[in-house]
Structure formats: structure tokens, C-alpha cells
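Open your viewer and get ready to select a few residues. We will go from stop to stop, and at each one you will hear what to pick and what is there.

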Amino acid sequence: MNQDERKTAVRRMMLLIAAAAVIIGLYGFRLIFLQLVNGDSFTAQATNTTDYKFTVTAARGDIVDSKGERIASSTTGYSVVLNKLLMGDEDLDTMLQKIVGLLGKNGESWNDSLLIGQPDAAGHYEFTAASDNAAEQKALAAMKDNLGLQQYATADDVMEKLVEDYDLADFSLYWQRVLSGIHYEMQLQAFSNVNNFVMAENVSEATVATIKENSLSLPGVEIVETSTRSYEQGTVLPHVLGRVGKITAEKWKVTDENGQVTYPLKEKGYNMNDIIGISGLESAYEDELRGKDGVETITRNSDGVIVNTALTTVPEPGHTVQLTIDSEFQKAVDQALAKNVEWIKNTYADSKQANAGAVVVIDVKTGGVLAASNYPSFDQNLYAAQYSEYSADENMPLFNRALQGLYTPGSTYKPSVAVAGLDTGLLNRNSTVNCTRVYTYYKDYRPRCAQHGHGNGPIDVINAIKWSCNIFFYDVGRRLTSDVYDAYAYKLGLGQRTGVEVSEALGHLTTKNDSNYTESLDIQAAIGQGNTAVTPIQLATYAATLANRGTRYRTHFVKAILDSNTGETLEETQPEVMDVVEDKGETFDLVREGMKGVAQTIPALAAYPYTIACKTGSPQRSEGYYVGSTYKHYTNAAMIAYGPAEDPEIAIGIVVEYGGAGARTGQLVADIFNAYYAMKDGTLTVDDTVSDALAQPETAADDAATDNGTAADPAVDPAAAAAAAGNTDE
């Protein structure tokens with residue numbers, strides 16, 4: 001290479017080096033620009049993620065008895081849940097068909113509340129909502145509204161709209177119906193990237209295994225542990241415990257009278273498909289039992305890839321609600337009541353209809369309910385499966401007679417009138433009323449007294465209570481007036497709320513404001529008839545107030561709230577005084593003497609090791625029957641009792657429908673006391689506590705009780721016949 005060629009090559013090399021240096025400089029400058037000027041922006045883009053938060057439901061707190069034995073608890077169950085975020089681009093309908101197929105093979109059902117059946121052979125649909133089911137008819141109307149259809153739309157119209165909305169025209173009629181139902185349920189549950197869809201609940205372990213085995217072909221389909229309510233002792237206090245259920249559309253979306261829509265449960269942190277207490281203690285203590293839900297966070301980057309899943313907030317279980325009830329004692333009272341009702345029904349000709357009743361037992365010193373029995377009753381664990389049978393039973397096992405049943409109290413009301421007479425000074429120990437069998441104060445109304453064990457002549461308050469003398473209480477009631485003796489009855493616990501934590505009937509006392517009020521009603525109410533109606537729990541509260549010499553405590557079912565993890569007592573129910581009748585002189589001593597006298601007329605109580613104070617009643621029902629040519633009214637059997645009389649511990653209120661004389665529940669009272677003392681000393685065995693020797697001779701007083709206080713014979717007093725419906729009592 002000559003000199004010129006060499007110089008040319010060097011120049012070219014220098015130019016190439018210069019060009020390369022410029023290019024490298026440009027790239028270096030660009031890199032510096034990217035890193036130093038826009039570095040933060042590009043780093044954010046490279047690491048951009050989105051967090052999606054999902055609720056992890058907390059376990060519901062237990063409900064336990066006074067000894068800590070579980071009555072209601074939460075057990076682990078499994079649900080099939082669809083997570084839209086994790087599904088990615090998977091075709092939803094294809095996925096749903098796979099899941100339905102797997103569920104069907106294992107005999108599982110899936111969430112589908114669409115009230116339309118499968119098509120018939122001609123391809124037409126019918127609604128499945130029962131015409132007499134208000135809830136289903138309401139749901140059907142809501143479905144049509146949600147779909148923007150008129151209320152006259154047919155099932156075919158609804159399906160046509162669903163197929164169009166969910167783009168299901170290419171599927172068979174069978175799958176159109178199945179997929180429409182699931183899509184509609186998804187719509188109700190607001191299925192989205194931030195809200196999972198519960199497709200199937202409480203699935204079997206076999207289904208859990210099947211879903212997991214097919215997980216690779218089912219992205220976004222998860223098996224989620226859930227808390228399911230179960231009842232270890234399903235027959236203990238079912239009417240009071242109440243039930244849990246899914247949040248209804250009406251509770252979730254509330255529209256007020258002005259058309260304003262609110263979501264009160266959403267504001268309290270609930271999700272649309274959450275379980276909530278819907279009745280009884282489950283509802284009353286929802287805030288305590290619910291617990292605090294946890295949070296699962298799923299993180300997705302800008303490319304849609306899931307980069308992390310973590311439990312960011314651990315769920316906290318709900319608190320434990322401890323009751324005043326001892327479950328074994330409750331079972332013993334349940335059995336004693338059932339046995340007493342059946343014995344009455346099978347023993348007495350006038351009580352063939354006796355098929356139901358209620359008993360409430362209260363701790364006199366605290367107001368805590370020790371037992372609340374209904375007969376017939378039901379099993380919480382069978383409620384869903386046998387609801388139709390329970391509902392159709394004419395004896396109404398689902399009806400909470402103990403708290404909701406309203407009954408005329410009959411002569412059990414008389415001690416309240418005695419308290420009013422003694423406390424106001426109208427009566428004293430020596431006051432008497434002349435009993436001549438017929439009350440002759442009114443010219444046109446002359447009710448009678450069956451007299452029981454006392455003859456004609458003067459009778460004092462102790463013996464008037466013991467022998468249930470109607471004439472005595474007619475006269476005292478007339479002189480006091482219902483305004484006065486009702487005021488005392490209210491204070492003692494009748495005709496008003498007892499304070500229990502769950503729903504209870506208010507009841508009613510006969511007053512001058514009643515639309516049918518007459519002077520005769522004033523004296524009928526004084527023997528517990530007229531328009532007066534009270535509940536068994538009011539009777540027990542009233543008995544406890546008499547036992548406490550006029551101090552009425554709030555009646556309650558809950559003993560304490562406990563920490564579910566440590567068992568620590570967080571809150572304890574203290575005895576709460578609701579009202580007081582001042583004990584003036586001998587008022588409650590004299591009433592107690594009279595009630596002790598009643599117990600001495602009943603064989604099962606007269607021979608009892610402890611002294612019992614009680615008052616029987618045989619309040620008249622509106623229905624009647626003929627004995628020969630004589631028309632008689634059926635009566636209930638009622639009883640209040642407490643004991644031991646000298647230092648009372650428990651009080652009892654009883655009603656047996658069509659039971660006849662109140663004294664027929666005497667053995668039931670004895671059985672309850674037997675169970676109570678066995679519970680106290682730790683020897684309670686239900687079968688051994690209830691007496692097998694219920695059958696006993698009917699006493700003269702018991703026999704007379706069924707006829708006591710009936711209206712005057714129309715042949716003697718025609719005007720009295722019109723008042724017959726309010727006149728019978730023991």
C-alpha cells in the first residue's frame with residue numbers, strides 16, 4: 001500500500017471512529033436522559049401493580065349454655081367460589097358448563113334463584129313461584145323489575161330477555177336455562193373483579209377433591225373454607241335461638257318512602273352474599289356474634305399477571321354468647337311438659353284436645369331464664385329440610401308459645417288483685433267478703449262461684465286465694481276498679497314487656513278504654529278473664545315478682561359475652577330492677593300464705609319436700625261442648641308457682657291449651673323442681689327426673705275447678721248468659 005492509499009485508509013478509519021463516537025454519544029446521552037430525567041417514571045411503569053381486596057369471612061361466635069356447653073357453633077364448610085380476576089381471558093360460559101358438570105356428577109346443587117323451571121317438550125317455560133308463597137311472589141316481581149319487564153311478562157318472555165342479555169342463543173334450551181340462572185345469580189351478587197361469586201355452598205369433600213383435581217382447567221375456580229352454622233343441641237331452645245340466613249335483597253337495598261335508596265348493611269361492612277342473624281338471639285346479638293372479617297389481597301401487574309396473593313388482615317371470630325339456660329335442665333323441662341300434656345289429654349274427657357303448651361322457669365334472684373319450653377317443638381338441624389311439614393302441622397311446632405302465645409290468665413291473676421287490695425289499704429288480714437255463691441251486686445248480672453273447699457259465708461284474702469273464691473275477687477275488683485288493680489298487675493309484670501332480648505308479645509289487660517268495656521268486664525278482669533291476655537313468660541316474671549316481694553327484675557336469656565379465644569368475660573348481665581311494688585306490712589306475706597295453701601290442695605305439691613307457693617287457673621276458651629243438654633266451655637290449664645316459699649329460688653309460668661283445671665299441672669311443677677335440685681347438685685338425668693307416676697286421683701278441688709265460675713244458669717239469670725264467654729275460671 002502506497003503513501004496515498006495509507007492516508008486515505010486512515011482518514012476513513014477516523015471518520016468511522018468519529019461516526020461511532022457520535023452514535024455512542026447519542027446513545028449515552030439518551031440513556032442518561034432516560035435514567036436521570038425520566039427514570040422514576042419508567043421505573044413506575046415497569047413495576048406498576050394493582051391491589052384487589054377480597055373479604056375473608058370471620059367465624060361466627062358460639063352460643064353456649066350456662067355451663068359452657070355448645071348449643072350453636074360454627075363448623076368449617078367448603079364453597080365453590082369464582083374469582084373473575086383470576087379467570088383471565090377464560091370463556092365464562094365454557095367454564096360454567098365444566099363446573100356444573102362436575103357438581104352434577106357429585107350430586108351437588110349450585111346457586112340459582114331464578115324462579116323458572118326447565119322447558120317442556122315444546123320449549124316453553126313456567127314460573128316455579130308458588131301462588132300462595134308471598135316471598136316467592138315478591139322475588140318474582142323483583143326479577144321482572146330487574147330485567148326491565150312488565151309484571152304481566154310470562155316465563156317465556158323472561159327467558160327470552162335473559163338469553164338476549166347474556167348472549168346465550170347458541171346454547172341448547174337446557175343450557176340456556178342453566179346458564180341464565182347462574183348469570184342472574186351473578187348479577188344479584190354483583191360479580192366483578194372485586195366481588196367473587198359463590199357458586200355452590202357446603203359442598204362435600206368429594207367435590208372439593210374433584211375441583212382441585214381439575215384446577216388446571218378451571219382457572220379462577222377456588223375452594224374456599226367457610227363458617228357454617230350448626231346446632232350441637234338442635235332441640236334446645238330453638239324458638240329463642242332463632243336462625244341465620246343470607247342477606248335478602250330487601251335488607252341489602254332499602255328504599256324509603258321518598259324513593260331514596262340506601263345500603264345500610266353495606267355501610268356496616270357486610271357483603272351482599274354474607275350470612276346474618278335473621279331472628280331470635282342470632283339476630284339480637286348479631287354484632288357480637290359476627291366477628292371481624294379478614295382481607296385477602298391479590299396483586300396484579302400492568303400486564304395482567306398475578307404477582308402476589310396474601311392474607312393482609314387476619315379474620316377475628318365473633319364473641320361467644322353465654323345463656324342463662326342450662327341445656328340439661330331445659331331438656332328435662334321440655335320432657336316434663338310433653339309428658340304432662342299427653343297425660344292430661346289421655347286422662348280427662350274434657351281435655352281430649354290438649355295438644356300444646358308452654359313453660360317458663362326463671363331464676364328469682366336474677367331474672368335469668370332457666371328454661372323456656374314449647375310443646376310441640378322442632379329441631380333446628382331439621383328446620384330447612386322439614387319446614388313444609390312443620391308449617392303444615394296444625395299444632396304449630398314453629399310457634400313460640402312461651403313468648404308469643406297470648407292466653408287468658410284466669411285465676412293466676414287473682415294474687416295481683418290481692419296485692420292491689422292489700423297495698424292500697426282496701427284489705428287487711430281480717431277483711432272478709434261474704435260468699436253466697438252468687439254475686440248479687442248487679443241486678444242484671446250475677447256470676448257464680450263454685451266455692452271449692454269453702455262453704456258459704458265470710459272468707460278472708462288467704463282463703464280466697466287458697467280456694468280461688470270468685471265472689472271475693474269480684475267484690476274486691478269492683479271496689480278497686482280495673483284502673484287500680486291493672487296498675488299493680490303492670491308493675492308485677494303482666495301485660496307488658498318482660499325485657500327479654502328477643503321478640504315477645506305485649507299482651508293486654510282489660511281496661512275502661514276497651515271498645516267492649518262494661519262494668520261486668522271490670523269484675524271479670526278481676527278473676528283474670530275479660531279481655532286480659534298474657535304470655536307464659538309474663539306469668540313466670542309475675543310469679544318471680546311475687547316471690548321477690550314486689551321487686552321485678554328484667555327477664556333475660558343472656559348471662560355474659562365471652563372472648564371466643566380466651567374465654568374471658570367481656571360483659572356480664574347484672575340483675576336489673578324494672579319496677580317495685582313497695583311491700584307495705586303483710587301484703588306479700590298474706591299472698592304467699594294463700595298460695596302455699598293452694599299447693600296443699602294438690603297432691604304432688606302437698607307432699608313435696610319443699611314448700612311450694614302456687615296459684616292455679618282454668619281460664620275459659622271461646623269454644624265449647626255439650627254435656628247432655630248443658631253447654632260448657634273448654635278451658636286451658638294455667639299455673640304460676642315459686643319455691644321454696646321461705647327463700648324462693650325459681651319461679652314458673654305454665655299454660656296447657658285445653659288442659660282443663662290448672663291443678664292438673666301440679667305434677668309438672670314437681671317435676672320441674674326435681675330437675676332444678678338435681679341440676680344444682682350435679683345429678684340431673686333427664687329420664688330419671690320426670691315422674692312416671694303422673695296418673696293420680698283427681699281431687700275434689702281439681703274436679704270442681706273445671707266448672708268454677710261459669711256464668712249463672714240462664715234459667716236463673718238470663719242476662720248473665722251473654723257474659724258466659726268471660727266467666728269461667730278456677
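Here is a walk through the fold, its cores, a buried helix, one buried arginine and several salt bridges.

**The whole chain**

Start with everything shown as a cartoon, and keep in mind that this is a predicted model. You should see 27 helices and 25 strands in the protein chain. Colour by accessibility next: of the 730 residues, 48% count as buried. If you draw a contact map, take the contacts between residues at least 6 apart in sequence; 72% of them join residues at least 24 apart.

**The nonpolar cores**

Select Leu323, Phe329, Val361, Phe472 and Phe557, the residues with the most contacts inside the largest nonpolar core, which has 125 residues. Now add helix H25, residues 666-681, which gives this core its largest share, nine residues. Where does the core lie relative to domain 1 and domain 2? Colour 52-323 and 327-695 separately: both domains give residues to the core, so it lies between them. For a second, separate core, pick Val80, Leu147, Val163 and Val203, which are among its 40 residues.

**Helix H19**

Return to Phe472 and show what surrounds it. Beyond its neighbours within four places in sequence, Phe472 is in contact with Leu427, Ser431, Val433, Ile459, Asp460, Val461 and Ala464. Phe472 is one of the buried residues of H19, along with Asn470, Ile471, Phe473, Tyr474, Asp475, Val476, Gly477 and Leu480. Because nine of the eleven residues of this helix (470-480) are buried, H19 is largely enclosed by the rest of the structure. To see the cover, display helices H17 (414-424), H18 (461-466), H20 (482-492) and H21 (519-525) with strands E15 (432-435) and E16 (457-460), which are included in it. Just after H19, check the backbone of Thr481, where phi is positive at about 75°.

**A buried arginine without a salt bridge**

Go to strand E17, residues 551-553, and select Arg552. What is the nearest side chain of opposite charge to this buried residue? It is Asp579, 4.1 Å away, and Arg552 has no salt bridge; the cut-off is 4 Å between a side-chain nitrogen and a carboxyl oxygen. Measure across to Gln496 as well, where a polar contact of 3.4 Å joins the two side chains. Among the other residues that Arg552 touches are Tyr490, Leu492, Thr541, Glu576 and Met578.

**Salt bridges across the chain**

The model has 25 salt bridges in total. Select Arg60 and Glu282, whose closest N and O atoms are 3.1 Å apart. Arg60 sits in the loop between strands E1 and E2 and Glu282 in helix H12, 222 residues apart. Both Arg60 and Glu282 are buried. Add Arg229 and Glu286 to the selection, and you have a network of salt bridges linking these four residues.

Next, select Asp350 and Arg664, a salt bridge with a closest N–O separation of 3.2 Å. Asp350 is in the loop between helix H14 and strand E13, and Arg664 is in the loop between strand E25 and H25, 314 residues apart. Asp350 counts as buried at 17% relative accessibility, and Arg664 is buried with a relative accessible area of 4%.

Finish with Lys680 and Glu649, a salt bridge whose closest N and O atoms are 2.9 Å apart. This brings you back to H25, which holds Lys680, while Glu649 is in the loop between strands E24 and E25. Glu649 is buried, with a relative accessible area of 18%.

Definitions and conventions. Residues numbered from 1 in each chain as written. Predicted model: local features only at pLDDT ≥ 70, side-chain atom pairs only at ≥ 80, totals over all residues. Heavy atoms only, no water. Core = buried A, V, L, I, M, F, W, Y, C linked by side-chain atoms within 4.5 Å. Buried < 20%, exposed > 50% of the residue type's maximum accessible area, 1.4 Å probe, protein only. Helix = DSSP H or I, 4+ residues; strand = E, 2+ residues; numbered from the N terminus. Domains from an automatic or database assignment. Contact = heavy atoms within 4.5 Å. Lys, Arg positive; Asp, Glu negative; His and termini not counted. Polar contact = N/O pair within 3.5 Å; in protein donor to acceptor, adjacent residues only side chain to side chain.
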